[in-house]
Amino acid sequence: MAHVLGQNQYGKAENRIVRVYRDSTRHEIKDLNVSVSLQGEFEDVHLTGSNANCLPTDTTKNTVYAFAKEHGIESAEAFGITLARHFVDNTERGVVHSARIRIEEYTWDRIRTPDSSARFIGSEEVGHSFVRNGQETRTSEIVYDGDSFQVISGLKDLVVMNSTNSEFWGYIKDRYTTLQEAYDRILATQVTARWKYGFTGRDDEAQPNWNRSYNHVKRHMLEAFAETYSYSLQQTLHAMGTRVLNNRAEVDEVRLELPNKHHFLVDLSPFGLKNDNEVYYAADRMYGLIEGTVHREGVVPVIPVA
């Protein structure tokens, strides 16, 4: 029976890079985890062992670090676009047909030290001390095929909670249903969100302001979560995606994964105490997983299901 080599790709995963900008006394930091994956004319590498068309993964790693110095990192998306274009357009003999760059960005906050307790005068203004931000991780995926770009940005591990304005009742009940209807409950989730931009890079199309767009998309999702009186987490998901599309013209599609971080009222009656929606048990497992995509009419969704 004949065998055929199917889809294949290779690259260097999780290149951890920290770029420090020391242009002034107020330093800036970009902290990224960059993964490179290439597709192209790599049949011989698999079938015969010939490496004539193989760009070493070590080279892709070195390119990431060199480009951080040569081109800088204004945003994860812009850096990924620069890398992807290089691997497709500039690799010898044109053997790379498509490049996919996946990036996680970790943010840092400045440590503020009042002059009264500083070890030297003016340390507050130097701005070289940071604390790792405990909130979300920023993500991006850039794919370039030599003709156009596909840019999907996102975030993960953004934990949010509403302590009220959430209900869940009127659902299907059968012999296995034990869940009690709730008319005032905690709604908490750990947001994973991805959104696709309309940007393709064709005809010298200008790039969006990636950092500004990210901040605004995040803000609109948080505002929708906070302002929606929720009868289900599904309803909240739709409100979050819709708010982004209504306010950010550069975004065509939003995909959300919202695990329901259940909070159960603790029975305090054995201790002669009344629990008036005050004391909860926070369960990390198991959890309801609510997922969905909201996209503009006429747009074909491309963000894959997890």
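A residue counts as buried when its relative accessible area is under 20%. By that criterion, 41% of the 306 residues of the protein chain are buried. Colleagues, please keep in mind throughout that the structure before you is a predicted model.

Let me begin with the chain as a whole. The protein chain holds six helices and twelve strands. Its C-alpha trace spans about 75 × 75 × 35 Å along the principal axes. If we take the contacts between residues at least 6 apart in sequence, 66% of them join residues at least 24 apart.

I turn now to the packing of helices. Two packed helices are described by the angle between their axes and by the distance between those axes.

The pair I shall take up at the outset is α2, residues 57-70, with α3, residues 76-90. Their axes lie 11 Å apart and make an angle of about 130 degrees. Angles that are not under 35, over 145 or from 65 to 115 degrees count as oblique, so α2 is oblique to α3. The crossing of α2 past α3 is right-handed. On the α2 side, the contact involves T60, T63, V64, F67 and A68; on the α3 side, it involves F79, T82, L83, H86 and F87. In character, the residues of this contact comprise six nonpolar and four polar ones, with no charged residue.

The other pair is α5, residues 210-227, with α6, residues 233-247. Here the angle is about 140 degrees and the axes are 8 Å apart. These two helices are therefore oblique to each other, and α5 passes α6 in a right-handed crossing. From α5, the contact draws on V217, H220, M221, E223, A224, F225 and E227. From α6, the residues are T236, A239, M240, R243, V244 and N247. The contact of α5 with α6 divides into seven nonpolar, three polar and three charged residues.

This brings me to the salt bridges, of which the count comes to 18. Which residue forms a salt bridge with E141? The partner is R102, and the closest N and O atoms are 2.8 Å apart. E141 belongs to strand β6, residues 137-144, and R102 to strand β3, residues 96-106, so the salt bridge ties together parts that are 39 residues apart in sequence. R102 has a relative accessible area of 40% and is partly exposed.

A further salt bridge joins R202 and D147, with 3.0 Å between the closest N and O atoms. This pair links distant parts of the chain, 55 residues apart. R202 sits in the loop between β8 and α5, whereas D147 sits in the loop between β6 and β7. R202 is partly exposed at a relative accessible area of 39%, and D147 is partly exposed as well, at 46%.

We can now return to the pair α5 and α6. The side chains of R243 and E227 meet in a salt bridge, at 2.9 Å from N to O. Because R243 lies in helix α6 and E227 in helix α5, this salt bridge ties together parts that are 16 residues apart in sequence. Both residues also appear among those that make the contact between the two helices. E227 has 58% relative accessibility; the cut-off for exposed is over 50%, so E227 counts as exposed.

Finally, K30, E77, E105 and R138 are joined into one network by salt bridges that share partners. Thank you for your attention.

Note on methods. Residues are numbered from 1 along each chain as its sequence is written. This is a predicted model: local features need pLDDT of at least 70, side-chain atom pairs count only at pLDDT 80 or more; totals for chains, interfaces and linings use all residues. Side-chain values use heavy atoms; hydrogens and water are left out. Axes are lines fitted to C-alpha atoms, for helices over the stretch in contact, and angles run from 0 to 180 degrees between N-to-C directions. Helices (H or I, at least four residues) and strands (E, at least two) are DSSP runs, numbered from the N terminus. A crossing is left-handed if the near helix is turned anticlockwise from the far one by less than a right angle, and right-handed if clockwise. Contact means heavy atoms within 4.5 Å. Ala, Val, Leu, Ile, Met, Phe, Trp, Tyr, Cys and Pro count as nonpolar, Asp, Glu, Lys and Arg as charged, and the others, Gly among them, as polar. A salt bridge is a side-chain nitrogen of Lys or Arg within 4 Å of a carboxyl oxygen of Asp or Glu. Buried means under 20% relative accessible area, exposed over 50%, partly exposed in between (1.4 Å probe, protein chains only).
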